[in-house]
Amino acid sequence: MGKRKTKEKISRSENMRRIHSKNTNPEMIVRRLIHGMGYRYRLHRKDLPGKPDLVFPIRKAVIFVHGCFWHQHSDPTCKLAHTPKSNQDYQNLNVTRHVIRCIMQNLSGLVGE
């Protein structure tokens, strides 16, 4: 095949390019709501565990805005928090490990262990 990209690789690359960790739609909704309520905050502080989306330094509080798929919230009507149809055993294990890892990293960093 050489160095030419196949159609599948191009579409996968295009898809991955569109996935962002900052300024996502849910995050922007929360930011607009909180800003409209009069609260001021800092964004994505790298010196805090888990790089929280919103940081309120004066109040010593943070907000994490998690995505539906990787954090699997419990809303049964949400189409984004679904399990993929292909390779379900692996995907279930993968997502479960991700959720547990995020919780442990955030808690251990906040507690200071």
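The legends below accompany an overall view and several close-up views of a predicted model.

**Figure 1. Overall view of the predicted protein, with its helices and strands in the order of the sequence.** The secondary structure comes to 4 helices and 3 strands, and, read along the sequence, these elements follow the pattern α-α-β-β-β-α-α. Of the 113 residues in the protein, 18% are buried. The protein exposes about 9,600 Å², and carbon and sulfur atoms supply 56% of that area. Among the contacts with a separation of 6 or more, 25% are accounted for by residues 24 or more positions apart.

**Figure 2. Close-up of helix 2, which covers residues 25–36.** This helix has 12 residues and reaches 16 Å from its first C-alpha to its last, which is close to the 16 Å expected at 1.5 Å a residue. Which residues of helix 2 are buried? They are Glu27, Arg31 and Ile34, and, seen down the axis of the helix, the buried residues fall within an arc of 70 degrees, so they line one face of helix 2. A general point helps in reading such a view: an α-helix has 3.6 residues a turn, so residues three or four places apart point the same way. The face turned away from the buried side of helix 2 carries the exposed residues Asn25, Ile29, Arg32, Leu33 and Gly36. What covers the buried residues of helix 2 includes strand 1 (42–43), strand 2 (54–56) and strand 3 (61–63). Just after helix 2, the chain comes to Gly38, a residue that takes a positive phi of about 100 degrees.

**Figure 3. Close-up of His44, in the loop between strand 1 and strand 2.** Is His44 buried or exposed? With a relative accessible area of 13%, His44 is buried, because a residue counts as buried when this value is under 20%. The side chain of His44 makes a polar contact with the side chain of Glu27, at 3.0 Å, and Glu27 is one of the buried residues of helix 2. Leaving aside neighbours within four places in sequence, His44 is in contact with Lys22, Asn23, Glu27, Arg31, Pro52 and Asp53. Although His44 is not a glycine, the residue has a positive phi of about 50 degrees.

**Figure 4. Close-up of Lys60, in the loop between strand 2 and strand 3.** Lys60 is a residue other than glycine, and its phi nevertheless has a positive value, near 55 degrees. At 78% relative accessibility, Lys60 counts as exposed, whereas His44, which also has a positive phi, is buried.

**Figure 5. Close-up of the aromatic cluster formed by Tyr39, Tyr41 and Phe56.** A pair of aromatic rings is described by the distance of the centres and the angle of the planes. The structure holds 2 aromatic pairs. In one of them, Tyr39 and Phe56 are edge-to-face, with 6.3 Å from centre to centre and 80 degrees between the planes. This pair links distant parts of the chain, as Tyr39 lies in the loop between helix 2 and strand 1 while Phe56, 17 residues apart from it, lies in strand 2. Tyr39 is partly exposed, with a relative accessible area of 33%, whereas Phe56, at 7% relative accessibility, counts as buried. The rings of Tyr41 and Phe56 have their centres 6.1 Å apart and their planes at 70 degrees, so this pair is edge-to-face. The pair of Tyr41 and Phe56 also links distant parts of the chain, with Tyr41 in the loop between helix 2 and strand 1 and Phe56 in strand 2, 15 residues apart. Both Tyr41 and Phe56 are buried.

**Figure 6. Close-up of Leu80, in the loop between helix 3 (68–71) and helix 4 (88–111).** Where along the chain does one find Cys68, whose C-alpha atom is separated by 5.6 Å from that of Leu80? Cys68 and Leu80 are 12 residues apart along the chain. Leu80 is exposed, with a relative accessible area of 56%.

Note on methods: Residues are numbered from 1 along each chain as its sequence is written. Side-chain values use heavy atoms; hydrogens and water are left out. Helices (H or I, at least four residues) and strands (E, at least two) are DSSP runs, numbered from the N terminus. The expected span of a helix is 1.5 Å times one less than its number of residues. Buried means under 20% relative accessible area, exposed over 50%, partly exposed in between (1.4 Å probe, protein chains only). The arc is that of the directions from the helix axis to the C-beta atoms. Contact means heavy atoms within 4.5 Å. A polar contact is a pair of N or O atoms within 3.5 Å; within protein, one must be able to donate a hydrogen and the other to accept it, and residues adjacent in sequence count only if both atoms are side-chain atoms. Accessible areas come from the Shrake-Rupley method with a 1.4 Å probe; for residues, only the protein chains shown count as cover. Rings of Phe, Tyr and Trp (its six-membered ring) pair if their centres lie within 6.5 Å; planes under 30 degrees apart count as stacked, over 60 as edge-to-face and the rest as tilted.
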